[in-house]
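Got your viewer open? Grab the mouse and follow along, one selection at a time.

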Amino acid sequence: MLRLFEQHQIRKVQELEGMWDFQMEGFDGNYRLPVPGCWEQHPSFSRHRGRGIYTKELLLDHSGTICLTFKGVSHTADVYFDGEKIVHHYNAFTPFSVIIQHVSKGKHKLKVSVDNTFGEHSALHVPNDYYTYGGITRPVAMEYLPDAYIKSIQFLPYKKENQWHARMEIAVANLSEKSANLSLSCHIADTTIHSNSACLDGNSEMSFTFDHPFPSVEEWSTSNPSLYLLHAILSIDGEAIDDQIERVGFRTISLKDGSLLLNGKPIFLKGFNRHEDYAALGCSLPLQLMVQDMDLLQDLGANAVRTCHYPNDERFLDLCDERGILVWEENHARGLSLERMQNPNFDKQCEDCIQEMIENHYNHPSILIWGILNECASDTKEGRAKYKRQYEQIKRLDASRPTTSATCRHFTDICLDLPDIVSVNLYPRWYENMSVEECCRKELEWISSTPGNGKPIIVSEMGAGAVYGYRDRTKAKWSEELQAEIIRECLATYMNQKQITGVFIWQFADCRVTEEEWFQSRPRSHNNKGVVDEYRRPKLSYDVVKEMFTNR
């Protein structure tokens with residue numbers, strides 16, 4: 001399943017989920033592994049880092065043009081079609097596609113070489129406080145494309161004179177040598193809009209833009225997440241040849257007087273940081289477990305989630321759209337020193353990640369913040385230049401959402417003028433030997449003395465570690481009792497500060513970490529700060545959070 005709604009009624013799509021042939025370099029024998037899935041699920045590869053080869057036979061029922069779409073391969077993919085390399089892609093957490101023309105009817109061989117090793121070639125996937133799994137970890141599909149097809153849809157809702165409007169930009173491409181007389185129609189909310197006919201030259205692209213009022217729609221909100229299907233149909237000389245469906249919502253996001261506004265009203269974010277990680281399944285979560293996570297988040301009283309520290313599976317974002325859960329989505333870079341930020345591949349790999357994240361996730365109404373570069377070198381001149389570059393890229397791609405980055409460079413960060421929202425990671429009584437109240441006071445005083453003064457402030461991480469089942473009445477480190485006490489004190493303090501517009505608990509669920517650099521500070525080789533463990537078993541802190549979130 002690619003998405004939680006039908007994306008095409010005309011274009012034929014074949015999902016490639018199932019068992020694929022697999023070989024691991026350095027291992028004898030042939031295997032069969034599930035796609036999507038992590039190769040760590042197999043007992044021979046449970047801790048293996050290397051290169052694996054997935055192959056699958058495709059059977060095309062007619063000749064023409066196909067598009068292969070990969071929603072996520074961890075972390076580097078080289079894709080071959082009938083022995084010819086057709087695309088290279090880096091980053092486990094963003095989708096990519098490749099178009100192949102003049103494909104004959106019948107059998108063809110698809111091969112995907114997957115690499116999850118660390119080294120200079122990988123600036124973003126490094127030994128980290130979460131695990132870099134290997135495999136084709138998200139869904140794969142094959143689409144049959146006509147010569148002229150719909151490439152993308154961008155939907156931007158806005159209010160004018162107290163009435164909802166939307167600007168829709170639909171990109172169309174012509175793959176043939178010949179020009180074509182194209183027209184486009186859009187169906188949304190019982191409204192149909194038609195374009196004039198336009199001639200598109202061969203091997204070129206164009207965009208159709210519609211700007212239209214929608215007086216009878218309901219706005220999307222956390223309490224009433226109203227969604228609408230936007231169905232675009234492309235025709236040549238009056239005959240429909242291709243289509244695409246997006247699911248959208250009418251809502252606005254703005255900032256005013258230090259507050260974050262949804263549809264013009266201040267909102268306080270009660271959120272969790274959540275990794276895509278589940279016990280033996282790794283980062284390749286089936287829909288059933290995504291739904292379980294969503295049910296637990298809502299039971300806890302949360303209204304927001306931060307996709308730490310990478311773009312999430314679109315199906316989880318679809319659930320957020322449906323449930324009215326607000327999303328802070330961020331690019332992939334966590335805890336990188338200046339030395340790692342100066343990797344020669346860093347700038348390009350970050351740029352590609354941001355481009356693919358925003359292009360593919362732009363239409364999700366639940367996404368209200370774009371984030372970058374968690375806990376990186378924002379206290380250095382060289383690091384600042386990289387933060388500035390990435391913020392500027394985001395604004396070119398999407399000026400409708402505010403930006404932020406979570407910092408731990410307390411009292412030394414020189415980048416607080418760059419984002420729209422100031423976000424700080426605070427761990428009093430865990431990493432910092434001071435009371436929560438004192439830590440909060442010092443942090444707010446410091447922010448007020450910087451160019452971040454007057455901006456909305458989010459506590460982007462807070463919490464403490466606890467090993468599931470370890471109980472100690474003395475509230476020793478790693479006990480469930482101490483975690484519950486620290487989280488209670490943090491929430492009581494942060495949720496009652498008028499300067500703070502949101503808090504994100506670190507974290508929702510325990511997750512596996514890479515042992516290379518983290519085994520000494522992470523019992524069980526897991527980050528144990530979840531309010532549930534990796535199997536989603538609740539700790540004592542679960543009920544503390546539920547009490548405090550639901551009573552605010």
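Start by selecting strands β15 and β16 (residues 191–194), an antiparallel pair joined by four bridges. Strands here are DSSP runs of E with at least two residues, helices are runs of H or I with at least four, and both are numbered from the N terminus. Two strands count as paired if DSSP finds at least two bridges between them. Before you go on, note that this is a predicted model, where local features need pLDDT of at least 70 and side-chain atom pairs count only at pLDDT 80 or more, while totals for chains, interfaces and linings use all residues. Residues are numbered from 1 along each chain as its sequence is written, and side-chain values use heavy atoms, with hydrogens and water left out.

Click on C186 and look across to I193, its bridge partner in β16. Now go to the turn: two residues sit between the strands of this hairpin, and A189 takes a positive phi near 50°.

Keep β15 (residues 180–188) selected and add β17 (residues 198–200), which pairs with β15 in the antiparallel sense over three bridges. One spot to find is A180, whose bridge partner in β17 is L200. Next, add β19 (residues 228–236), antiparallel to β15 and joined to it by six bridges. Here H187 has H231 as its bridge partner.

Now select D211, in strand β18 (residues 204–213). Is D211 buried, exposed or in between? D211 is partly exposed, because its relative accessible area is 46% (buried is under 20%, exposed is over 50% and partly exposed is in between, with a 1.4 Å probe and protein chains only). Show A166 too: it is 45 residues away along the chain, yet the two C-alpha atoms are separated by 5.7 Å. Beyond neighbours within four places in sequence, D211 is in contact (heavy atoms within 4.5 Å) with Y158, H165, A166 and R167. The side chains of D211 and Y158 make a polar contact of 2.5 Å. That term covers a pair of N or O atoms within 3.5 Å; within protein, one must be able to donate a hydrogen and the other to accept it, and residues adjacent in sequence count only if both atoms are side-chain atoms.

Jump to D398, in the loop between α5 and β28 (403–404). This aspartate counts as buried because its relative accessibility is 1%. Its side chain joins that of W370 in a polar contact of 2.8 Å. Leaving out residues up to four places away in sequence, D398 touches I358, Y362 and W370.

Next, colour helix α4 (residues 346–361). How far apart are its end C-alpha atoms? They are 22 Å apart, which agrees with the 22 Å its 16 residues should span at 1.5 Å a residue (the expected span is 1.5 Å times one less than the number of residues). Its buried residues include F346, C350, I354 and H361, and among the elements covering the buried residues are α2 (314–323), β26 (326–330) and α5 (381–397).

Last stop: the largest nonpolar core, with 81 residues. Such a core is a set of buried Ala, Val, Leu, Ile, Met, Phe, Trp, Tyr and Cys residues joined through side-chain atoms within 4.5 Å. Select F272, L491 and Y494, which have the most contacts inside this core. Helix α7 (residues 480–494) gives the core its largest share, seven residues. A second, separate core has 31 residues, including I66, F70, A77 and F96.
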